[in-house]
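Trainee: I'm new to this one. Could we go through it together, with you explaining the words as we go?

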Amino acid sequence: MIEIKNLSKAFGEKVILNDISVDIKEGELFSVIGPSGMGKSTFIKCLVRLLRPESGSIIVDGQDIASTSNEFALARVRRSFGYLFQEGALFDSLTVLENVAFGLKYLTDIHKSEYPRIVKEKLALVGLKDVEHLKPSELSVGMKKRVSLARSIAPEPKYMLYDEPTTGLDPVTTGMVKELITDMREKLRITSVVVTHDLKLALEISSRVAMLLDGKFVEAAAPAEFRQSENKAVKEFMEISGLSRE
Amino acid sequence: MKHPVTEYIGREFMNLAEALGAAALMLKSVFFWFFRSKFEARETVKQAVTIGVDSLTVVALTSFFTGMVLSLQSGQSSKNLFNEPLYIGTLVAFSMLKELGPVLTCIVVAGRAGAVVTAEIGTMKVTEQIDALYTLGTNPTRYLLVPRYIAFMIMLPLLTVFADFLGIFGGCLVGMVKLDVPSTVFMNDIYTYLEIYDFMHGFLKTFVFAFMIATVSCYKGLNTKGGAEGVGKATTEAVVTSMVLVMVLDYFVSAVLVAVGI
């Protein structure tokens, strides 16, 4: 379980997250939506302490990581997270095989002779085959994202964080990624946090949707309730996204 | 009321203090991971090739021609003064071993390999690859910085020795062909007047330069901001800073080595 209490983050004078509190329960798929530049990626980066918050606490399985300086404690907590980056963040100098196996090497005790089999398996899960020996520069945007997803799920994390998982993907791949996120939650009971500006996606896959605006969650509810929200910003966002309240 | 000039100076001073503080923290992290982590052999060898082997040609050309021109100029001056080229071997070897070998090699490596290191780490920073390392159970200092520090500290002294020999060889060649100084006389001048300390003086300096170039290149890379433009800016800053610092440090390290009798 991830408990976030009074979380605040600023860059210089600009406050990005302002006293946010939310609990993300085991097995939940929690989506954060909102317009670009509202701090969605900042929020998700704070969850694994890629960014250090100004104040507040982030308690992951009972351990507060918000202010700790202990590298080893942080590394231990980060081990339970998988992270899909917005642009994939694949290592340019490594092949697809090495990229996907990277987490296996540093996060698990699996013997390296097993890597090719596991990598092949994870790549098949995201609809890719025979790409193991290619470099990221030889892949399309969509393929990079899928390889990145395979890399994140390879060490079988307890929590998955998705930063704009479908941005830049074609409709077929979007459907595949959507299905995969849902499967990860339903079949493997992986607790997931999805950050997206795609409200339609969030409403379809999430167990709870929260809208981030001006540093605060202006609404956080199950998809059905979210659609009925009387919040002005939510209503406007629904309209802009072309979604009805039904 | 704030004056624009004092405000500018104050801001620059604060920026410098902040950068020095951040660099000190980075160094602390490098030392921490150097002693605490498993040796990243593959990455270290890869960096040693990039920093050392790939710099061989440019270092060879620079040192060879520097030795040649040193020999030519000193021989010509000596001819004008004494009607014959005297102590050419001593002068060329002394200059190459104590100053030109280490300084030129480090400047060339700072411009070539230092730029590569900053650009690579900077690109990783702006494309979130550094963040990805954290999420995949690896500390970037351990995986990226420590191998680069080791590679710089091993390869730069080796490149300097290589440059010293090639420079002397170039000087000897010009002495033979242009100044009619036999190679035996040229080498005898070296053996007679130079000591092992002269070699050690230049050799020891390269460790300081290597550490400084690694620090500047890695620091600038890790603090890159603003996409491709930021990578270009960070790379230029790293190269310029390293080159200037090589010259500045050269005086101070030389002064210390002279003071301790090396």
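Mentor: Let's start with Gly242(A), just after H9(A), where phi is positive at about 70°. Keep in mind that this is a predicted model.

Trainee: And H9(A) itself: which of its residues are buried?

Mentor: In H9(A), residues 232–240, the buried ones are Val234(A), Phe237(A) and Met238(A). They span an arc of only 100° around the axis, so they sit on the same side of H9(A). The face turned away from that buried side holds exposed residues: Lys232(A), Glu236(A), Glu239(A) and Ile240(A).

Trainee: What covers the buried residues of H9(A)?

Mentor: The cover includes helix H7 (199–205), strand S9 (208–213), strand S10 (216–221) and helix H8 (223–227) of chain A. H9(A) also lies across S9 and S10 of chain A, at about 105° to S9(A).

Trainee: Those two strands belong to a sheet. In what order do its strands come?

Mentor: It is an open sheet of six strands, ordered S6-S7-S8-S3-S9-S10 in chain A, with mixed pairing. 

Trainee: What makes S6 and S10 of chain A edge strands?

Mentor: Each has a single partner strand, so one side of each has no neighbour in the sheet. On average, neighbouring strands here are turned by 15° against each other, direction ignored.

Trainee: How do you know that S3(A) and S8(A) pair?

Mentor: Pairing takes at least two bridges. S3 (residues 29–33) and S8 (residues 191–196) of chain A have five bridges, in the parallel sense, so they count as a pair. In that pairing, Leu29(A) stands opposite Ser192(A) in S8(A). Helix H1(A) lies across S3, S7 (159–163), S8 and S9 of chain A, and runs at about 155° to S8(A).

Trainee: Where else does H1(A) come in? Let's look at the other sheet.

Mentor: That one is an open sheet of four strands, in the order S2-S1-S4-S5 of chain A, with antiparallel pairing. Its edge strands are S2 (14–24) and S5 (63–64) of chain A, each pairing on one side only. H1(A) packs on this sheet, touching S1 (2–11), S2 and S4 of chain A, and its direction makes about 125° with that of S1(A).

Trainee: What makes S4(A) and S5(A) a pair?

Mentor: Two bridges join them, and at least two is the requirement, so the pair qualifies. S4(A) and S5(A) run antiparallel, and Val60(A) stands opposite Gln63(A) in S5(A).

Trainee: Let me try a residue in H1(A). Why is Cys46(A) called buried?

Mentor: Cys46(A), which is in helix H1 of chain A, has 24 other C-beta atoms within 10 Å. The cut-off for buried is 20 or more, so Cys46(A) is buried. Leaving aside neighbours within four places in sequence, Cys46(A) is in contact with Leu7(A), Lys9(A), Leu51(A), Pro53(A) and Ile58(A). 

Trainee: Then why is Glu54(A) called partly exposed?

Mentor: Glu54(A) has 15 other C-beta atoms within 10 Å. Buried needs 20 or more and exposed needs 12 or fewer, so Glu54(A) falls in between. Glu54(A) is in the loop between helix H1 (40–47) and strand S4 (55–60) of chain A. Not counting residues up to four places away in sequence, Glu54(A) touches Ser8(A), Lys9(A) and Ala10(A).

Trainee: On to helix pairs. Why is H3(A) called roughly perpendicular to H4(A)?

Mentor: H3 (residues 96–107) and H4 (residues 115–125) of chain A pack at an angle of about 105°, with their axes 9 Å apart. Roughly perpendicular covers 65 to 115 degrees, so the pair earns that name. On the H3(A) side the contact is made by Leu97(A), Val100(A), Ala101(A) and Leu104(A); residues from H4(A) include Tyr115(A), Pro116(A) and Ile118(A). By class, this contact has nine nonpolar, no polar and one charged.

Trainee: What about chain B? How do you know that the buried residues of H7(B) line one face?

Mentor: Phe186(B), Asp189(B) and Ile190(B) are buried in H7 (residues 183–193) of chain B. Seen down the axis, they fall within an arc of 95°, so they line one face of the helix. Thr184(B), Tyr191(B) and Thr192(B) are exposed on the other side of H7(B). The cover over the buried residues includes H4 (88–126) and H6 (140–177) of chain B.

Trainee: And how many residues does each chain give to the contact between A and B?

Mentor: Chain B gives 11 residues and chain A gives 16 residues. The chain B side has three nonpolar, six polar and two charged residues.

How values were computed:
Residues are numbered from 1 along each chain as its sequence is written. Chains are lettered from A and ligands numbered from 1 in the order in which they are written. This is a predicted model: local features need pLDDT of at least 70, side-chain atom pairs count only at pLDDT 80 or more; totals for chains, interfaces and linings use all residues. Two residues are in contact if their C-beta atoms, placed from the backbone, lie within 7 Å. Ala, Val, Leu, Ile, Met, Phe, Trp, Tyr, Cys and Pro count as nonpolar, Asp, Glu, Lys and Arg as charged, and the others, Gly among them, as polar. The arc is that of the directions from the helix axis to the C-beta atoms. Axes are lines fitted to C-alpha atoms, for helices over the stretch in contact, and angles run from 0 to 180 degrees between N-to-C directions. Angles under 35 degrees count as roughly parallel, over 145 as roughly antiparallel, 65 to 115 as roughly perpendicular and the rest as oblique.
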